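User: I'd like a close look at one helix in this protein and at what surrounds it. Could you walk me through it in one go, and then carry on to the rest of the fold?

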Amino acid sequence: MRRALSLGLACLALACDPGAPGSFPPEDPQLAANNEAAGDPHRGRFPFADAVAGLPETGQLRATIVTDEGEIRCRLLADVAPLAVANFVGLARGLRPFLDPEDGGWVTRPYYDGLTFHRTVERQFVQGGRLGQEKWIGFLLQDERSVGTAFDKPGVLALANQGAPNTSAAEFFITTEILRNLDGQYTIIGRCEDVMIVRALEDRLSHGDQPVIETVTIRRE
């Protein structure tokens with residue numbers, strides 16, 4: 001009874017806002033130091049408040065990934081993976097600095113605009129958001145693998161990694177099938193509608209095409 005009352009009061013305090021962020025994971029000192037040494041002013045922990053600056057204060061946080069195949073609309077899970085969502089939103093809006101391998105400097109511009117989907121595993125996912133051939137854009141993120149999320153439906157939006165813990169940054173993938181074998185291995189940041197568009201991207205990738213990410217826009221509603 002006390003727990004139910006406590007949850008109810010918390011919901012009132014947050015106005016039951018589905019876009020309210022959770023808590024960042026405790027800082028990994030070595031990862032933060034590595035990010036700082038690479039020149040990241042945020043040590044791999046871009047503030048959520050900075051990422052959503054200028055957006056309405058309440059409402060569900062959403063991303064629309066506009067591709068040359070059509071739009072993919074996604075609900076972002078700030079309550080589950082606030083660190084990763086802040087990073088994704090900050091990159092999409094041109095607020096989160098990243099290392100541009102072409103000129104070797106840190107820049108702030110809409111990161112995803114003009115990149116491509118470059119990889120697919122058929123009947124599993126499509127992957128995009130890589131800057132040229134680079135896997136390194138100056139920082140890495142800590143994993144956020146919530147027990148409350150799973151690859152239990154098509155359309156899961158998650159961060160790609162380099163096959164080891166704490167190695168995600170900007171690349172993401174969207175699933176086209178249920179993939180429970182991936183549970184616990186990747187940070188899930190959202191759930192997407194328009195799975196038929198994602199499957200069309202998958203088909204194009206399987207035939208050697210690389211669909212373009214025209215823009216990624218962020219809003220609250």
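Analyst: Helix α4, running over residues 82-92, is mostly covered: 11 of its 11 residues are buried. Keep in mind that this is a predicted model. The buried residues here are Pro82, Leu83, Ala84, Val85, Ala86, Asn87, Phe88, Val89, Gly90, Leu91 and Ala92. Once the helix is done, Gly94 follows with a positive phi, near 75°.

Let's zoom in on Leu91, which sits in helix α4. Is Leu91 buried or exposed? Leu91 counts as buried because its relative accessible area is 0%, and the cut-off for buried is under 20%. Setting aside residues up to four places away in sequence, Leu91 touches Arg96, Phe98, Arg109, Pro110, Tyr111, Tyr112, Phe139, Ala169 and Ala170. To get a feel for distance, take Asn161: Leu91 and Asn161 are 70 residues apart in sequence, and their C-alpha atoms are 17 Å apart in space.

One of those partners, Tyr112, takes us to the nonpolar core. The largest nonpolar core has 45 residues, and Tyr112, Phe172 and Ile218 are the members that touch the most others in it. Which element gives this core its largest share? That's α4, with 7 residues. As a general point, nonpolar side chains tend to be buried together in soluble globular proteins. Tyr112 itself is in contact with Phe88, Leu91, Ala92, Gly129, Ala170, Phe172, Ile213 and Val216, if you leave aside neighbours within four places in sequence. There's also a second, separate core of 10 residues, with Phe125, Phe151, Leu182 and Ile188 among them.

Phe125 turns up again in the surroundings of Ile174, a residue of strand β8. Ile174 is buried because its relative accessible area is 0%, again under the 20% cut-off. Not counting residues up to four places away in sequence, Ile174 touches Ile65, Ile72, Gln124, Phe125, Val126, Gly155, Val156, Leu157, Cys192 and Val198. Gly70 and Ile174 are 104 residues apart in sequence, yet 14 Å separates them in space, C-alpha to C-alpha.

Val198, the last name in that contact list, belongs to another helix worth a look. Helix α5 covers residues 195-206, which makes 12 residues, and reaches 16 Å from its first C-alpha to its last, close to the 16 Å expected at 1.5 Å a residue. Its buried residues are Val195, Val198, Leu201, Glu202, Arg204 and Leu205. What covers them? The cover includes β1 (61-67), β2 (70-76), β5 (117-121), β6 (125-128), β8 (172-175) and β9 (188-192). Both sides of α5 have a backbone detail to check. In the loop between β9 and α5 you'll find Asp194, whose phi is near 60°, a positive value in a residue other than glycine. Just after α5, Gly208 takes a positive phi too, of about 90°.

Two of the strands covering α5, β5 and β6, also matter for the open space in the model. The largest pocket holds about 350 Å³ of space. Its lining has 24 residues, and the closest to its centre are Gln127, Ala160, Asn161, Gln162 and Glu171. β5 and β6 each supply at least two residues of that lining. Sorted by class, the lining comes to 11 nonpolar, 8 polar and 5 charged residues.

There's enclosed space as well. How many cavities of 30 Å³ or more does the structure hold? It holds 1, and the largest cavity has about 30 Å³ of space. Lining it are Glu27, Asp28, Leu31, Ala32, Asn35, Arg43, Gly44, Arg45, Leu140 and Gln142. By class, that's 3 nonpolar, 3 polar and 4 charged.

Arg43 from that lining deserves a last glance. Its place is in the loop between α2 (29-38) and α3 (48-51). Arg43 has a positive phi of about 55°, although it's not a glycine. Arg43 is classed as partly exposed because its relative accessible area is 26%, a value that falls between the 20% and 50% cut-offs.

Terms used
Residues are numbered from 1 along each chain as its sequence is written. This is a predicted model: local features need pLDDT of at least 70, side-chain atom pairs count only at pLDDT 80 or more; totals for chains, interfaces and linings use all residues. Side-chain values use heavy atoms; hydrogens and water are left out. Helices (H or I, at least four residues) and strands (E, at least two) are DSSP runs, numbered from the N terminus. The expected span of a helix is 1.5 Å times one less than its number of residues. Buried means under 20% relative accessible area, exposed over 50%, partly exposed in between (1.4 Å probe, protein chains only). Contact means heavy atoms within 4.5 Å. On a 1 Å grid over the protein atoms alone, a cavity is a set of points where a 1.4 Å probe fits but cannot get out, and a pocket is an open set with protein on both sides within 12 Å along at least five of seven lines; lining residues have an atom within 4 Å of a point. Grid points are joined across faces, edges and corners, and a volume is the space filled by probe spheres set on the points. Ala, Val, Leu, Ile, Met, Phe, Trp, Tyr, Cys and Pro count as nonpolar, Asp, Glu, Lys and Arg as charged, and the others, Gly among them, as polar. A nonpolar core is a set of buried Ala, Val, Leu, Ile, Met, Phe, Trp, Tyr and Cys residues joined through side-chain atoms within 4.5 Å.
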